[in-house]
Each structure stands twice: as structure tokens, then as C-alpha cells.
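Reader: I would like a close look at a single part of this model, one strand and its partners, set out carefully enough that I can judge how far to rely on it. Please state the cut-offs behind each term as you go.

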Amino acid sequence: GADRDLQTVRQMMIDFLQNHSQESRPPACPSLDPVLSSDITALFDKNSDHYTAVVVESNNSYVGREVILDLIQYENIVVKRALNSDKPFLEKLGVTSVPSCYLMHPNGSRGLINIVKPLRSSFSSYLKSLPGVRKKLLLPLELPVKENKEESTEIKQWKEFDKSKLYMADLESGLHYLLRVELATHRMLEGAELKTFKDFVTIAAKLFPGRQPVLKLLETLQEWLVSLPLDKIPYDAILDLVNNKMRISGIFLTKRIEWVGCQGSRPELRGYTCSLWKLFHTLTVQAALRPKALINTGLEDNPQIVLQIMRRYIHHFFGCKACAQHFEEMAKESMDSVKTLDKAVLWLWEKHNVVNNRLAGDLTEDPKFPKVQWPTPDLCPACHEEIKGLHSWNEDHVLQFMKYHYNSENILYKYTESQTDASETELGDTREAKDKNLLKKPSGNRENNILDQENKRDSESKVLDKLIGNHGPVKDRGKIAVESVNREESRQSVSFLGIGFSNIDMSLCVVLYVASSLFLMIMYFFFRMRSKRWKVKHYRSSV
């Protein structure tokens, strides 16, 4: 019956808690009675170390009491409720409709919260997302506070950002960390690890909405991995290509970490894990927006492909093994139910919120960026609904929001590093190194110049040397044998790559060279035979 309805039972429980006598009230239960307007105005001139939120509502509303109970697990905030019976008090606060929420900040500022939908879930979500508001730890731990120069530098370099935008600096910094740091823990890639890395590079090359130099790097890396006839690849060879040791023009990936939307209040918080989520959200959305992007890669016609590659990547490479185990459990539970590219977008969004819910109040949570259900009502009001007093997601609007938020048109390029900036930095470092060398030895020595040129050729050919060496079983041993015999020729070809030639260009040169040689040989034999015939004919006529 009606008395068994979920909303009715919840309201009965709230009435039961509110009607407790003061003697028998549980210590953890806050007061649910409305406060007087004079008590609220008395707080205006008092300094506080926490937020104070006042939900103004009608007498028969349960929103204020529900928000109070939602926030009792959180610290640095106190929630009270007031009734709308005192009209002068409402005018003083600027309240024109109820329910409304009036917020007093620790710094003394105060004002009404601008909420499009005045729902319990909207108020609770907004208050939980305030900086410094976080879940209380069951066992409070006293962590040593580190105060050093690095931390103070980090605070000085805080970057202002728009949380409704996606920043390319976060995505590129994440790629840099993935390729140059996380992957570096594996000295040799083989078997399932190599297959996972190849597939990741393929979807990144086809779906990543990045700048042209980064895309060219990913495409070159993908072509290189596909063309290699090796069952094992040393990580150093991959790193040489990522660092562009072959001097291929137009290739660049920043070597500098610049977290913007993923920056934390301390260096060890957020950062790479945040950017990895953003990267895979971007790839799932791009796959849904461009369903033909993966044609002829062997990965098409599979709506789960980005999720499966993410699952394998986290299993093989992600540094946090407990996190990898949790993700694997979620994948086993429901990933097989994904049947469309849109469902893949929603699946990853849903699981990200599951992770946020689990980590809320954890030691790894950033107090400035609490773990809340995302998108928050201020970012997407239409995504949030309330059915019989319970929060509900409108998944159609969530999908629409995800496709907008992770679209290339919503990406800002502020704080990204250009190739020119990186070159100037490297040039400065090179000049410093040269100055040090000049102090050590005089310049102008011809033998030293020759040695420098040879060392340069050796460093440029490091990729080829590593692949030509014995790194495991090889599918085409004849080809590798020829390459090992002609190592000097390979070194010379690398110097050609230094001025911007790709593998395709070099292949075309070889084909043209062979064709020209055959043509010259044919012409030579043709005129040689013709010359002999003319000599025989001339000899007979004279006789």
C-alpha cells in the first residue's frame, strides 16, 4: 500500500529521527528542527572554519532535512534548515522561491546558490563538491604535513581553468606520462602486452582529437609497430621513436607535464589518473561520433573495442594494481552487455561514477576536488531528475552531454607546449652543455668534429641497432640478416631521414633507383647489339 512506498518510508524515518527526545538522540544525529531567523543572522558577523548552508523551505517540505542527513558524513560543512514564514528575513537573504539554499563561506562571503533544479540531489551534489568538503574518515589518520620548496612552487603555479571545458594539455601530458613513464617499467614488450600496446596506439592514432604533430607521431608509431616482423620489441626502441631520435619532421609530443583540469592541490593528488580517465572518455566519445574511423584496422565492427583495450591496458600496464583489480571486476560484471558505441560511452561514465563513490573520503581524495557523481547539476541540469524523491539520471541527456564535453570543439589549447617552445628549451640546454665542454677542451680540432659526427650517426641509428640485434624470435630472419650485413647502409639511410624523409619516401627512392638501373641496362644492351650489327654490315659492303 501507500504506507510501504519508498518515499513514504523514508519520510517516516526522518520524522522518527526528528521527534527523538534530546536525552535519547543518537550522538551522530544532527538536529533536524528548523532554526530561527535570528540564529542565522547572528552567524553573518562570525568567523568560521567551515561552510554553513541554510536550506529555506516550506513547513511540509522534507528537502532540507534530507540534505542535512546527506551531508552528515562530510566534514567542513554544517547544514541547517529554516522555514519561509519570516518574510523580512527572506527579503534580506534574497529568497524569492522555495526550496532555496543560502551558503556562508569560511572567508566571510555569502549568497544564494544558483541551482536550476531545486532538488535534494542538486543541493547535496553542489555542497559535496565545495573545496575542502570531503567524507569523514572512519579512522582519522594524522598524516605528516610536508612543507618544502616544491610544494610552495606548485601552489604559486596554480592554473585557473574552466571545469566545463576539456584541456588538451591534460590529454597530451597523459600521453607523455603513459609513453615515457608508465610504459618504461616494461623493458621488453611481448605477447599480450605487445598486442595491447599495438591496439592502444592504433585507436589513439585513429580517434585522438589532437594537434597535427601529436597525431603524426601516433600514426608513425602505429605504422612502425605494424610493419615490424618481431615478436618482441624493446621499450628503448619505442622510446627512441617517441622522442623522435630519427629526426622525422613534423613529429612532436611534449616532455613536460602540465595538468590543468587535472591539477591537484598537492603534487601527488589527481594528475595522471585523472588524465587517463579523460583520455579514454575522449576515445569512447570519438568512436561514437566517428564510427568509420577504425575501418581497415582490424578493430572495426566491435562496439566494445575501446573499452576492451582500456581493460587490457589497465591490466598490463597501470601502476595501481588494486585499481586494476577493481576495474577488472567491473568489466567482468557488465562489459559484455555493451552492444552499441553509445552504450560504451555510458558504460564508462557509469563505472567512473562507481569509482568516485568508492573513493569518496579515501586518503587519495583531493580535498579541493571531492569525489562526486559527475556531471554535477551545475554542468548538466537536464542530466538530473527526481522520481518520488529519489535521484535518477536521464541517460539520454547524459549521453548528449558526454558527446558535447569530449568533442574536439570543446577542447581548449591553453597551457599546451608548442614545438617551438620545446626547441628553444632544448637549444638553451644544448648551449649550456657546449659552454661546459668549451671550458674542458679547446675547439677547432678536426678529429673531434669527425668523432662528434660519428657519435651523432650512432645515436640516430640506435633504433635500427636495437631491432637488428637478437631480441627474440623473428618471423622473417632473411630480412633481418640482410639488414645486419648492411648495417652501414642503414646508418646512412638514417641520415637521410634526418632531413624529413619517411620510410615510404625511402622505399620509393629504392624502387626508382632499381627501375632506372634496369632501364639503363636495357638501353645499353640495345645499343650494343645495334652497334655490332652495323659493324658486320659495314665490313661486308667494303669487301
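Author: **Strand β1 and its partners**

Strand β1, which spans residues 51–57, is mostly covered, with 7 of its 7 residues buried, where buried means under 20% relative accessible area, exposed over 50%, and partly exposed in between, for a 1.4 Å probe and protein chains only. Strands here are DSSP runs of E with at least two residues, helices are runs of H or I with at least four, and both are numbered from the N terminus. The model is a predicted one, in which local features need pLDDT of at least 70 and side-chain atom pairs count only at pLDDT 80 or more, while totals for chains, interfaces and linings use all residues. Residues are numbered from 1 along each chain as its sequence is written, and side-chain values use heavy atoms, with hydrogens and water left out.

Both faces of β1 are covered, since Y51, A53, V55 and E57 on one side are buried and so are T52, V54 and V56 on the other. As for pairing, two strands pair if DSSP finds at least two bridges between them. With strand β3 (residues 77–83), β1 runs parallel and is joined by 7 bridges, and within this pairing A53 stands opposite V79. With strand β4 (residues 100–104), β1 pairs in the antiparallel sense over 5 bridges, where S100 is the bridge partner of V56.

To place the strand in its setting, the chain has 21 helices and 12 strands, and buried residues make up 39% of its 543 residues. Taking a contact as heavy atoms within 4.5 Å, residues 24 or more positions apart account for 74% of the chain's contacts with a separation of 6 or more.

How far the model can be relied on is a matter of pLDDT, the predictor's confidence in each residue, from 0 to 100. The chain has a mean pLDDT of 81, and 78% of its residues reach 70 or more. Among the elements of the chain, helix α15 (residues 395–405) has the highest mean pLDDT, 97, and helix α19 (residues 477–485) the lowest, 37. Over residues 140–156 the pLDDT is below 50, and this stretch has 5 contacts in the model beyond near neighbours in sequence. Residues 438–499 also have pLDDT below 50, with 58 contacts in the model beyond near neighbours in sequence.
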